[in-house]
Amino acid sequence: MMNQEKKDRKGTVLFSKYARGEAIKKALSQTREDILFELRESKLKGRGGAGFPTATKWTIVAAATSKTKYVICNADEGEPGTFKDRVLLLEYPELVLDGMVVAGYTIGAENGIIYLRGEYEYMKKSLEDYLHEMRKDKLLGREILNKTNFNFDITIRMGSGAYVCGEETALIESLEGNRGEARNRPPYPVSTGLLGAPTVVNNVETLASISHIVTKGGLWFKKYGTDKSTGSKLFSVSGDCEKPGVYELPWGTRISEMLEIVGAKNTKAVQVGGASGTCIPKSGFNRILAYEDAATGGSIMIFNESRNMLHVLKNFMEFFVEESCGQCTPCRIGNVKLLEGIELLEQGKCTFSYLNQLKELGKTMQIASKCGLGQSSPNSFISILDNFKEEIFDGNGGTYGK
Amino acid sequence: MATEELMESKNKLRAPVSQKPLKIEKPTDLTTIGGTVSVEINEKKVVVPLGTTILEACKQNGISIPTLCHHEDLCVAGVCRICVVEIEGMRTLQASCAFPITSPIKIKTSTPMVRKARRHIIDLMLSEHYGECYSCFRNGKCELQALAKEYGVDNLTFGHIDKPKYEIDNSSFSVVRDMNKCVLCKRCVRTCIDLQEVGVLEAIDRGSKTHISTFMNKPLADVICINCGQCINRCPTSALRANDPSDRIWAAIDDPKKHVVIQTAPSPRAAIGEEFGLPAGTSMTREMNTALRRIGFDKVFDTNFTADLTIIEEGTELITRLYKALVKKQDVALPQFTSCSPGWVKFLEHYYPEYIENLSTAKSPQQMFGALIKTFYSEKNGIDPADIISVAVMPCSAKKFECNRPEMHASGFKDVDFGLTTRELARMIKEAGINLPEMPKSDFDSPFGEASGAGLIFGATGGVMEAAIRSVVEFVLGKKTEDIFANANIIPLRGFEGIKYMEIPIGDHVGPVPAILKHLIQDWNWLKGATLKVAVAHGTANAKKIMDDIKTGGKFSECHFIEFMACPGGCLGGGGQPIPTTPEIRQKRAQAIYSEDESLEIRKSHDNPHVRRIYEEFLTEGPSGQLSHKLLHTHYVKRGSYIA
Ligand SMILES: Cc1cc2nc3c(=O)[nH]c(=O)nc-3n(C[C@H](O)[C@H](O)[C@H](O)COP(=O)(O)O)c2cc1C
Ligand code: SF4
Ligand code: SF4
Ligand code: SF4
Ligand code: SF4
Ligand code: FES
């Protein structure tokens, strides 16, 4: 009723039938251990990109003795080419919010926070209305569904418009009113998170999956996907195809299958995992979308034969030069150097030996940067230059020939 | 939600600016016992206490790891990444300065991957680093340069910026900022926010545009910088330096019409040797005197002399305040705060302007000196004060600001023309071709050449209070300080505890009022049975703690006298002192000062015969008299924390 009109979305797991409050009811009839058991059984991994086993994360926080704990829903959705969290929040808020309540119950937290991407300000009102309804129905607030001693409420906090604030420790910094910069870890948020308290940070889709797992069981969830990547995934498909949009597909789907489903023709390359992901050429279209192969937090960008891959790459690198938090050396300056290298290529002034040095620099950035942003920003640089050599150099020994 | 508790832990965390104290997680391996953990560093097994950082563990085992953003005085940053090491089983390298060991890991500190990453990082820094070492004042004393040398990074792989990006900010009398030299280690930010709790500097913008800036990018002179220079002392490069007057001093020296005098504070002599390769804690007092004369200063005086005078003036002021409060029942501002640290004074003017009355009106020794040079000294020697250039060598950058305060013209001239830091003086000495440690020893010039040990220990935190108590005890109790404190060393006031507190019960036996105070009071009976309560704080973060306690009527509001020094360790750790300044180095400088004090014959300000003489010959109305008020006392400005 409060939901925005649901499109006719099809899906076996996330978009399968679910009644509001179902997961909360079921969870409250179980013990924490039962829920953790189901979670472990499901082998759910985080949908925010890093793919950390959710059960492990929750178990650590549940075991912490601290009086105060937090559940944070990471709705910063900043990765270029992702918009699946938006769909969940607008059309399926019950899945996400129920998932948060379950998290609160399981780990023993009383406070939940939705860190909502600044650009999603427009959905704040509908989410707040929804929270209000939940409170009315005792799905939120004190003694939820009359369960003694279980209090949990959710507040919405607006993000500050930086990509890095989606990184969980930078997100926490931002919530505390500081500059959005990643923290040193260890300690991890599970032990020292928001205001020093043990904190679970989960992606919107992870929390939505949990509502299904709690109601339908880990075994059911595991039926979908591959052995290492269980369940299904929302993919945000954009670029050169007839039917861009959000698709629910099981993990393990081949890239070629995906291209067919979305009506992509003359595809030259697929960028899997957003700007920080990897660029896969035609020869790799038989790879599968899964944590163990082509991993993604959901972003799929399709480029057809008319695209200039160097320009594509340049776009990505410009994004990182701007979005790096500027804290650590490899990322702050490294991305600038990679971008300058691309500009040299465009001018036909980049020698192969310098290019190789830049690739080596990229490898250093991947291992020496402080957070995931700098660790993944060279991915597209390395993969595009490796996979589209002919196009970029046109065989002209060191000159960009197109 | 226990908000207060959380805010407290948040304050402790203030990450990523600080992640101190690093929370220690439960060890993942149950074989670790007794709070230690056994790790492998470069295939060698070592045992370290749980929570030790990799950097610390390596250091303890003689393995050196390069660092840049790390500083012993500051909390963890983990931003430069130069200290990365490999840990078996981890995909990424880890910053050793920021990684607390909580499980039995295997560490490798010098693998090909590690070395390549370090070279890359240095090369990246150099690519954005404007200018050349040969025309840089940190040449030879620069941590970036040293790293480049150590790692053989010598071909500017990723280019070298050829135009400056930022304008140099030399608006401040004290600190010059050249962000073209900045490597964004954020030591200055952590110094200003965490160590000093002033909070003038912060990184702004992001990505490639990130840079250190002030509030609204205003010039440093227009923000609430207290000029302590602690940021300078921790900057690894030439991005921050003190505002150097040495060229103007050379010009004065070279001008035959000018009579150039220099006063030297207690701390520079305990540290300047470090600039000449001597170990910290080597006192250079009398070698420095000779060097200063050879450079061309006409007279070399000892600031400790006016430190003694400060004790008399400030002590008299305290006694007067106490008398008014206890006997006359007047409303006077207590506790009285010391005013010799210009960094602290400006801190109070900005952050606690409502307590301005508590500041002693006595000037700092530097400014007392200045006022006397261009009055008493010029008269006595028949020199036109207009021809005198008065220089002060100080451990401090705030002293440069202080001598430029408009109030500081008591003589009718600018009382002190230039404040010179220890570092700048060392450079002048070198420029004059002098090797300081080889200098023959010589004494100060009279009449301001003799000082007591009490003046000398002004250089260390607690020193002003110790000096004051050595005199007050004798004034009031009529006993020797030595009869109460062995060797006249007041140990509770020494050391580097952030805040020190001490009570001195007066008891029922008081002495006669000494001659020097007879014009103010008749007897001490009103102090019988009282307990004198004093406190000492160094570093403005600690000062803040005391001030907030006073604001809420806590224990420190009951104090009578409190010493505040803006810099950690007191002046010996001042912003003008040789770089580096670390806890260990401060300790050694303090030792140098205290042992010189012990070796002196006169160790109490009121025993200094020259101080007595100046009250007999010049300030004839005695301490707090009219002339002393005109020359030796000042007033302050309620600045507040917003500047238009
Ligand atoms: C630069 C960067 C940006 C990120 N942005 C997001 C984001 O927008 N949304 C998200 O859920 N996770 C994001 N992450 C991942 C989070 O750090 C974190 O791993 C995730 O929220 C954990 O949730 P999960 O385990 O449910 O995936 C980002 C990570 C990095 C390094
Ligand atoms: S990797 Fe980039 S975004 Fe992450 S901390 Fe370093 S500079 Fe900031
Ligand atoms: S700051 Fe250091 S590296 Fe930079 S020019 Fe000066 S000496 Fe060289
Ligand atoms: S001089 Fe002191 S107050 Fe000023 S910026 Fe530096 S550390 Fe901060
Ligand atoms: S100004 Fe100096 S201390 Fe501050 S960040 Fe730059 S290099 Fe580091
Ligand atoms: S010294 Fe460790 S990251 Fe800078």
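**View 1. Domains of chain B in the predicted model**. The domain assignment of chain B lists domain 1 (30-110), domain 2 (175-240), domain 3 (246-305 + 366-438) and domain 4 (313-362 + 451-581 + 589-632). Domains 1 and 2 are each given as one stretch of chain B. Domain 3 is given as two stretches, and domain 4 as three.

**View 2. Domain 2 of chain B beside domain 3 of chain B**. The centres of these domains, taken over C-alpha atoms, are 28 Å apart. Six residues of domain 2 of chain B contact four residues of domain 3 of chain B. Together the two domains bury about 360 Å². Carbon and sulfur atoms account for 43% of that area. Look for B:Asn227, B:Ile232 and B:Asn233: they supply 79% of the area that domain 2 of chain B buries against domain 3 of chain B. No other three residues supply more.

**View 3. Polar contacts between domain 2 and domain 3 of chain B**. How many salt bridges does the rule find across the interface of domain 2 of chain B and domain 3 of chain B? It finds zero. Polar contacts do appear: five residue pairs, with both residues at pLDDT 80 or more. On the side of domain 2 of chain B that touches domain 3 of chain B, three residues are nonpolar, three are polar and none is charged.

**View 4. The interface of chain B and chain A**. Chain B gives 50 residues to the contact, and chain A gives 51 residues. The two chains bury about 4,200 Å² between them. Of this area, 54% lies on carbon and sulfur atoms.

**View 5. A salt bridge from B:Lys186 to A:Glu181**. The side chains of these residues meet at 2.8 Å, N to O. The count between chain B and chain A is three salt bridges. The rule also finds 18 residue pairs in polar contact across this interface, both residues at pLDDT 80 or more.

**View 6. Elements of chain B that touch chain A**. Helix 1 (3-13), helix 3 (112-127) and strand 7 (202-204) of chain B each give two or more residues to this side. Which element gives the largest share? Helix 3 of chain B does, with eight residues. By class, the side of chain B that touches chain A has 27 nonpolar, 11 polar and 12 charged residues.

**View 7. The shell around ligand 3**. Residues of chain B surround ligand 3. Among them are B:Cys133, B:Cys136 and B:Cys142. B:His129, B:Glu132, B:Arg138 and B:Lys181 also belong to the shell, as do B:Thr237 and B:Ser238. By class, the shell holds four nonpolar, five polar and three charged residues.

Note on methods
Residues are numbered from 1 along each chain as its sequence is written. Chains are lettered from A and ligands numbered from 1 in the order in which they are written. This is a predicted model: local features need pLDDT of at least 70, side-chain atom pairs count only at pLDDT 80 or more; totals for chains, interfaces and linings use all residues. Side-chain values use heavy atoms; hydrogens and water are left out. A residue is near a molecule or strand if one of its heavy atoms lies within 4 Å of it. Ala, Val, Leu, Ile, Met, Phe, Trp, Tyr, Cys and Pro count as nonpolar, Asp, Glu, Lys and Arg as charged, and the others, Gly among them, as polar. Contact means heavy atoms within 4.5 Å. Buried area is the accessible area (1.4 Å probe) that two parts lose on being put together, summed over both. A salt bridge is a side-chain nitrogen of Lys or Arg within 4 Å of a carboxyl oxygen of Asp or Glu. A polar contact is a pair of N or O atoms within 3.5 Å; within protein, one must be able to donate a hydrogen and the other to accept it, and residues adjacent in sequence count only if both atoms are side-chain atoms. Helices (H or I, at least four residues) and strands (E, at least two) are DSSP runs, numbered from the N terminus. Domain bounds come from an automatic or database domain assignment.
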